[in-house]
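Dear colleague,

Please find below the structure that I am handing over to you. My findings follow directly after it.

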Amino acid sequence: MTSCPTLSDFDGDCKTDVTVYRPSTGTWHVLKSSANFTTSFEVAFGSSTDIPVPGDYDGDGKTDLAVYRSGQWLMMLSSANYASVISRQWGTGSDVPVPGDYDGDGLTDLAIYRASTGQWFIKLSSTGYTTWDTYQWGTAADIPVFQSR
C-alpha cells in the first residue's frame, strides 16, 4: 500500500495540513499550513494494516492521530502532545470506519458502516461514548462517503 492522504488540521489554524500516512513504516507525515507549508513533523504510530481515522477526539481544535485496527480505535491526542495512546473498541474487522462529528458537539464520534447490512453505528462523544445511534442507510454494494480520510 502506498501513502494515504488525510484531510486534517493538525496545527489548529483552521486550514487543512498536507498530510500522509505511510503504512509501510506506520508513520504520519504532516506539512503544517500554519508555517506556509515549510515546516513538518512526523510521528510513528500505526502499522501496515491500519486504516487512518484522524479527527478531533479531544476537542482542542487540532486533529488527533488515530487508526482503526479490526474494531479497535487507537488514538494519540494532540492535547497530550501525542505522548500516549488511548483505545476504544467499536466495530469489527469487516466494518468500515466513518468517523465524524455526528452529534455536533465539536468532537469526533466513533462510527462504522457495516456494508453487509447497510447499517451505520455511531458511538456518540456527547454521551462519553456510552450510547450509540443506528441508522439503516445503504446497501451491500454502497461505499460510505465521509471526510475524515
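The notes below cover the basis of the model, two sheets and one residue.

This is a predicted model, in which local features need pLDDT of at least 70 and side-chain atom pairs count only at pLDDT 80 or more, while totals for chains, interfaces and linings use all residues. Residues are numbered from 1 along each chain as its sequence is written, and side-chain values use heavy atoms, with hydrogens and water left out.

Strands are DSSP runs (E, at least two residues), numbered from the N terminus; two of them pair if DSSP finds at least two bridges between them.

One open sheet has 4 strands in the order β5-β6-β7-β8, with antiparallel pairing. Its edge strands, β5 (51-52) and β8 (85-89), each pair on one side only. Strand β7 (residues 72-76) runs antiparallel to β8 and is joined to it by 5 bridges; Gln-72 has Gln-89 in β8 as its bridge partner.

Another open sheet of 4 strands follows the order β9-β10-β11-β12, again with antiparallel pairing. Here β9 and β12 (132-136) are the edge strands, each pairing on one side only. Between β10 (residues 110-114) and β11 (residues 119-123) there are 5 bridges in the antiparallel sense, and Leu-110 stands opposite Lys-123 in β11.

Val-96 lies in strand β9 (residues 96-97). Val-96 counts as partly exposed because its relative accessibility is 28% (buried is under 20%, exposed over 50%, partly exposed in between, with a 1.4 Å probe and protein chains only). Leaving aside residues up to four places away in sequence, Val-96 touches Ala-111, Ile-112, Tyr-113 and Pro-144 (contact means heavy atoms within 4.5 Å). The C-alpha atoms of Val-96 and Gln-119 are separated by 11 Å.

Kind regards
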